[in-house]
Amino acid sequence: MKYLKTFAVSLSVMMLLSACSPSPSESEPMLEPTVGGENTILRSTSKVTNDAQTKKIITTQESFQIGTHITIKVYDDKEVPNDVFDQIFGLIDIYENRVSKTISTSEVSNINENAGVEPVAVSDAVIDLVEIGQNYAALTDGLFDVTIGPLVDLWGIGTDHAAVPSDDARLTEMSKIDYQKIEIKPLDKTIFLKETGMEIDLGAIAKGYIADRVKDLILELGYDHAIINLGGNVLTVGTKPNSDAWQVGVRDPQSSSGNTMGILKLEDNSIVSSGIYERFFNAGDTRYHHIINPKTGSPEFNGMYSVSIVSDTSVDGDALSTSVFLLGLEKGFALVESLSNVEAVFVMEDQSVYVTSGLGDRFILTEKSYVIKSLTD
Ligand code: ADP
Ligand code: MG
């Protein structure tokens with residue numbers, strides 16, 4: 001029951017796939033525990049539908065893994081066998097068991113337990129993820145920092161012990177955060193945190209990385225058209241089978257029921273959003289959300305409600321959505337404009353929306369209380 005309850009909450013924060021899938025309330029599946037890898041995986045059986053538009057059969061399965069609601073939709077001429085979904089959910093399980101900071105036997109937990117003690121042997125995936133984290137730390141001058149773990153634990157956002165910490169506690173934990181004190185030895189395949197108390201947290205990039213690996217697997221298995229949705233990180237495989245663009249709803253950050261405020265038309269792309277609505281708690285008049293500025297030790301408040309990043313890979317989208325949120329509108333917008341094949345939609349507290357130049361007519365505003373503005377207005 002505990003899982004089912006969390007699952008219901010995750011539905012409310014999930015991004016809608018409009019026009020190509022029913023809304024979550026219509027598709028609420030029965031999730032049954034099945035054994036896979038080391039964990040019991042909560043997952044649905046296949047839902048099979050005929051898609052009139054593309055004249056293909058869509059096979060959909062859902063699961064609850066890596067702390068989030070996952071939906072995989074594959075288009076083909078016939079029903080996709082259960083075994084394909086076994087492989088997909090099994091792969092996600094393998095990665096979850098390597099990268100989750102809350103699984104005591106994971107590689108990341110092992111690195112954290114051995115902080116200040118000794119280097120730890122890890123898989124290529126963890127080396128890749130930490131290296132990607134280091135690149136984004138350099139790009140954001142340390143605002144994005146995968147050693148954020150001590151501050152994430154202190155605030156406890158998304159847990160039942162979330163609370164505003166004392167200034168002293170905040171300062172103590174802030175002093176443990178420094179991506180430059182991660183020693184990666186790619187040839188030995190080891191990672192070492194140089195000081196006791198340091199802690200890696202890959203929460204800002206792991207879902208994106210895993211979505212990319214799921215896409216690789218789907219392509220390897222011979223399917224060219226699919227949608228992967230890992231708790232709102234949406235990654236499309238190919239175009240729709242009739243060559244139409246996919247239409248992905250952008251969540252309205254002010255809606256507690258998961259309404260959308262716009263639509264993005266995508267082809268072979270990833271869309272990832274970060275915002276104040278995903279995980280938070282309220283104290284007084286303030287909503288404390290889960291993206292923490294390592295230089296202040298507190299959730300970042302800069303007038304931004306959410307940012308959605310369109311990119312080729314989901315890991316870049318995931319890293320950038322968190323990074324750009326931390327950089328704020330002006331610097332974040334400039335960073336996205338400087339990168340090729342990356343676009344963004346910013347939604348601000350004052351109801352203004354900013355769209356980067358390359359999106360053109362691929363973003364359609366549907367919620368009329370918002371106003372599209374330009375930074376030069
Ligand atoms: P979500 O995972 O909900 O989609 P994000 O991708 O924006 O949202 O990631 C938020 C998570 O990133 C936090 O829960 C935390 O684990 C981690 N995090 C928080 N602040 C930072 C930061 N400054 N740098 C890197 N990771 C962070
Ligand atoms: Mg992210």
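A visitor asks how the terms used for this predicted model are justified, and a guide answers.

Visitor: What kind of model is this, and how are its parts numbered?

Guide: This is a predicted model, in which local features need pLDDT of at least 70 and side-chain atom pairs count only at pLDDT 80 or more, while totals for chains, interfaces and linings use all residues. Residues are numbered from 1 along each chain as its sequence is written, chains are lettered from A and ligands numbered from 1 in the order in which they are written, and side-chain values use heavy atoms, with hydrogens and water left out.

Visitor: How many helices and strands does the protein have?

Guide: There are ten helices and 22 strands. Both are DSSP runs numbered from the N terminus: helices are H or I with at least four residues, strands are E with at least two.

Visitor: What share of the residues is buried?

Guide: Of the 377 residues in the protein, 55% are buried. Buried means under 20% relative accessible area, exposed means over 50%, and partly exposed is in between, with a 1.4 Å probe and protein chains only.

Visitor: Why is Ser 243 called exposed?

Guide: Its relative accessibility is 54%, so Ser 243 counts as exposed. Ser 243 lies in the loop between strand S10 (233–237) and strand S11 (246–251). Its phi is near 70°, a positive value in a residue other than glycine. Most residues other than glycine have a negative phi. Ile 66 also has a positive phi, near 35°, and is found in the loop between strand S4 (56–65) and strand S5 (68–76).

Visitor: What makes Ala 204 a donor of the magnesium ion (ligand 2)?

Guide: Donors are N, O and S atoms within 2.8 Å of the metal (3.2 Å for Na, K and Ca); water is not among the atoms, so sites may look incomplete. The protein donors here are Ala 204 (O), Asp 318 (O), Asp 318 (OD) and Thr 322 (OG1), which lie 2.2 to 2.6 Å from the ion. Along the chain they follow the spacing A-x113-D-x3-T. Ala 204 is in the loop between S8 and helix H8 (206–220), and Thr 322 is in helix H9 (residues 314–327), 118 residues apart.

Visitor: Are Ala 204 and Thr 322 buried or partly exposed?

Guide: Ala 204 has a relative accessible area of 22%, so it is partly exposed. Thr 322, at 10%, is buried.

Visitor: Why is the pair of Trp 155 and Tyr 288 called tilted?

Guide: Rings of Phe, Tyr and Trp (its six-membered ring) pair if their centres lie within 6.5 Å; planes under 30 degrees apart are stacked, over 60 edge-to-face, and the rest tilted. The centres of Trp 155 and Tyr 288 are 5.4 Å apart and their planes are at 35°, so the pair is tilted. Trp 155 is in helix H6 (residues 149–155) and Tyr 288 in strand S15 (residues 286–289), 133 residues apart. Both Trp 155 and Tyr 288 are buried.

Visitor: What makes Phe 281 and Tyr 288 a stacked pair?

Guide: Their ring centres are 5.2 Å apart and their planes are at 25°, so this pair is stacked. Phe 281 is buried, as is Tyr 288. Ring pairs link Trp 155, Phe 281, Tyr 288 and Phe 301 into a cluster. The structure holds eight aromatic pairs.

Visitor: How do you know that Arg 287 lies over the face of Phe 280?

Guide: A charge sits over a ring if NZ of Lys or CZ of Arg is within 6 Å of the ring centre and within 35 degrees of the ring normal. Arg 287 lies over the face of Phe 280 at 3.8 Å from the ring centre. Arg 213 lies over the face of Tyr 209, at 4.6 Å.

Visitor: How do you know that S7 and strand S8 pair?

Guide: Two strands pair if DSSP finds at least two bridges between them. S7 and strand S8 (residues 190–193) have four bridges, in the antiparallel sense. One of the bridge partners is Thr 190 in S8, opposite Lys 185. The open sheet has the order S6-S8-S7, with strand S6 (120–121) and strand S7 (182–185) at its edges.

Visitor: Which strands stand at the edges of the sheet S11-S12-S21?

Guide: S11 and strand S21 (363–365) each have a single partner strand, so one side of each is left without a neighbour in the sheet. Strand S12 (residues 260–266) pairs with S21 over three bridges, antiparallel.
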